[in-house]
Amino acid sequence: MCHESPRADAPSAPRDAAARPSAGRLPRSTGTRPCDNPAVVEAASLPHARLGAHRPAVLPLAASLVGVAIALLALIADLHHPGGESAAAIVLHVAGGLTYVLVGGAAWLRRPHNRTGVLMVTVGLAWFVQDLEHLTAPLPYALGDYFFIAYFGLLGHLVVAFPSGRLETRTDRVVVTAAYLWALGGNLFTHVLFAPAGSTELLVLHRDATQYAIFDAIQQGLNATFAVIVVGLVAVHYVRGTPPARRALGPAVWASGPMLLAAIVLSLPGLVGSTPVLSSIVPFATPVALASLPGAFVLGLLLSRLSVADVGHLVVELGASPPQERIRDALAETLHDPSLAVAFQVPDREGWVDAEGMPINLPDGRSARAITVLERGGEAVAALIHDRSLENDPTLVAAVAGAAALAIENERLRADILVRLAEVRESRARLVTVADQERRRLERDLHDGAQQRLVALALTLSRAAERLNDGHEGTGELLHDGERQLQKALEELRRLAAGIRPAVLSDAGLGAALESLAENAPLPVTLRQAVDRRLPDSVEAAAYFAVCEALTNAAKHAHATQVTITASLKDGRLVVAVSDDGVGGAEFGGGSGLSGLVDRITALDGGLTLDSPEGSGTRVEFELPCA
Amino acid sequence: MRVILADDSVLLREGLARMLVESGFEVVAQVGDAEALLTTVDADPPDVCIVDIRMPPTNTTEGLQAALHLRVHHPKVAVLVLSQYVETRYAMELLAQGVDGVGYLLKDRVGDVAELLAALRSVVAGRSVIDPTVVSRLVGRRRQADPMETLTAREREVLEQMAEGRSNRAIGERLFLSPKTVEAHVSAIFSKLGIEDTADDNRRVLSVLTWLRGDGGEAQA
């Protein structure tokens, strides 16, 4: 089980309960921790129609509206700002921020549990902070100046946390914290300390153009450095990622190039001095680079939609020919996750099993694997074990799971049958073993109890007879009768005990027991055996009694005049054949005595064949695993 | 004659001991398992040990293993193994360590005091004794193209007596035949069955039993 404390971005229980869609609504969650909050999909229905319905939509809508309003205000303020940029640059600038607000709002609406949307909207809002500078009042101007690059920290956060909205590693968190500190504190610090001569800021300690230029250059350099670090982290995520994780990381990777380029371009004037070319590029570089991330994000969503469209193909494929392995393979292909596995829950059994009915463990919260649980009527029936990055595309997973529901259900029933079959086999083998142990116990009881007492009694009788004098001839005769009867009883007891389970089988093994059997058989037996080691008790007993039954059949029903027994070990299996020259025509069952043989062999997972053509003898061959 | 009794059934052991004492034997020790038997024999070897084949701790063939051990380490101590099983394999195992002064009797024989005492005296005299039931199982064994069928009824009787460990003289006494006649039967049997003759009466038991066990001459894998 997962014991880690809930993270800020993992839904806590109450919130989760509130957000949980009513039965049949799909899909439930995104960005959840695999162990305590797996994504849940109702297996019986297709998810498309209901996606995104009834979500708490007020907040994203409100934030987006506020963002649009601010963008409009910024547009008006910028256009009226004396000596500002060209109209084209201003429109581009506003459009850059607006893209974040709109795309972020949409993402927020779609997946309220994924922070990416919120972060994106916030980046858009923060972007417009710099436009406060264009208001002439001192306070807005100062705020705009102090928090000019506040969006920078948020942007770093967004890119590093992409696409889950979570900061997965310690390095991620350190870099993002540093970016925030720098974007908010560092800029504030510089602008409070220094300002170009003649600026109208409220609180400036040094108005010195030279010092300001130096610190401005340092600041630009640090900005570029942070951009490089953030892009570097994205590269690390990409390199370390699984194939599905890399796919999900796509937009961040695509946007990395333009953003890195923009950061360098922006830092150039401060570092190498302004040139006319640079001056004309700078106003366009940032908004264009900025917009590349939401642009790539929208593109990624479109591609994901295309993947969902693949689901149709999946349905066709599964419908056409659903051989067992193909279901997993088809799901893996559609989800672009080669490592995908499917687990099932079968009735009357704890835990999960695979398609072959073997128990498997679901990954826990610390694993890089996540699960999507498929439900039917509120009960978990199956689980897709997939790469955690697929959690960022729950629509696709839900669509795929829904589409494959029927095939998965078939697979589950098959797994259920396999589980039950294995249980039946085990219980049959257990019964055989128990019966054999019981036989052994009986044999011991007879030998160690009854037989010893009878022998002692015979001895006593014998001694009594010896002591009698000639005068008691009648009594002596009676005693001798008693002795003879006792000898008969002992003989029968011995035979009974040997029939229950011959001691030689326990003591010396199958080979010796077969020799003894051949010696004692009522017809000539040729024994060719090469079993030179001890086998498991249950195997030895099953083989011995199976041969007994075949011999009995040969003598009683087949009227054979001779029998050949062969026994050998091949590849960890005991192979035994009993053939006679009798009348043939034997069948398993049908009172031939061979049905017991079938039961013994199959109970231990062995196989057997019967070849008994009318008039041409009978050959029973069986093999038993004895690894 | 000094005897050690090894049997885990106290009832039977006590009965046997009393019978032996009454018959003039000296029972020097009674033990309940194979380990105690070996220790006791090591400390003071008797003339003969009567050993139950089945003793603790596993109650399978501890007695047989102990007897084999005694054959090797105390060749002068005769051993009579009492067995619950008509298994020729066990008898053969016992003889394989040397045929002098060993016996394999079914436990049932204990009820026939005369026969038991005779067997005891035989092994102490250095002969071998094999239980008639074990022998008749071998002799009665069904074979293909059975050379046994070429034997006369008398020859068959002589063969059984040989397999039980008797000398020509003893066979003659038992079947009321002259030693010469017994000798003639023996050599006829050996030539009919293709057994190599041996002058040593004791060794003869082993070769006869080996032939009988060998599926009418066919070697077993």
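How many residues of chain A are in contact with chain B, and how many of chain B with chain A? Keep that in mind while you get the model on screen; it is a predicted one.

**Stop 1: the A/B contact**

Colour by chain and go to where the two chains touch. On one side you'll find 40 residues of chain A, and on the other 31 residues of chain B. Now select, in chain A, helix H13 (405-467), helix H14 (473-500), helix H15 (503-520) and strand E9 (525-529): each of these gives at least two residues to the side that touches chain B. Linger on H13(A), since the largest share of that side, 15 residues, comes from there. If you like colouring by residue class, the chain A side splits into 17 nonpolar, twelve polar and eleven charged residues.

**Stop 2: all of chain A**

Hide chain B for a moment and switch to cartoon. Chain A has 17 helices and 13 strands. Of its 627 residues, 44% are buried. Pull up a contact map too, if you have one handy: among chain A contacts with a separation of 6 or more, 67% are between residues 24 or more positions apart.

**Stop 3: a helix pair in chain A**

Next, select residues 87-110 of chain A for helix H3 and 115-127 for helix H4. Two packed helices are described by the angle between their axes and the distance between the axes. Here the axes come within 7 Å and cross at roughly 160°, which makes H3(A) roughly antiparallel to H4(A). The crossing is left-handed.

Show side chains where the two helices meet. From H3(A), the residues to pick include A:Gly96, A:Gly97, A:Gly104, A:Gly105 and A:Trp108. From H4(A), they include A:Gly117, A:Val121, A:Gly124 and A:Trp127. By class, the contact between H3(A) and H4(A) has twelve nonpolar and seven polar residues, and no charged ones.

**Stop 4: the sheet in chain B**

Bring chain B back and hide chain A. Look for an open sheet of six strands with parallel pairing, and trace across it in the order E2-E1-E3-E4-E5-E6. Which strands of chain B stand at the edges? Select 26-31 for strand E2 and 129-130 for strand E6: each has a single partner strand, so one side of each is left without a neighbour in the sheet.

Finish by zooming in on E2(B) and its partner, strand E1 (residues 2-6) of chain B. The two run parallel and are joined by five bridges. For one residue pair to label, take B:Val3, whose bridge partner in E2(B) is B:Val27.

Notes. Residues numbered from 1 in each chain as written. Chains lettered and ligands numbered in written order. Predicted model: local features only at pLDDT ≥ 70, side-chain atom pairs only at ≥ 80, totals over all residues. Contact = placed C-beta atoms within 7 Å. Helix = DSSP H or I, 4+ residues; strand = E, 2+ residues; numbered from the N terminus. Nonpolar A, V, L, I, M, F, W, Y, C, P; charged D, E, K, R; others polar. Axes fitted to C-alpha atoms, helices over the stretch in contact; angles between N-to-C directions. Parallel < 35°, antiparallel > 145°, perpendicular 65-115°, else oblique. Left-handed = near helix turned anticlockwise from the far one by under 90°. Buried ≥ 20, exposed ≤ 12 C-beta atoms within 10 Å, placed from the backbone. Pairing = 2+ DSSP bridges.
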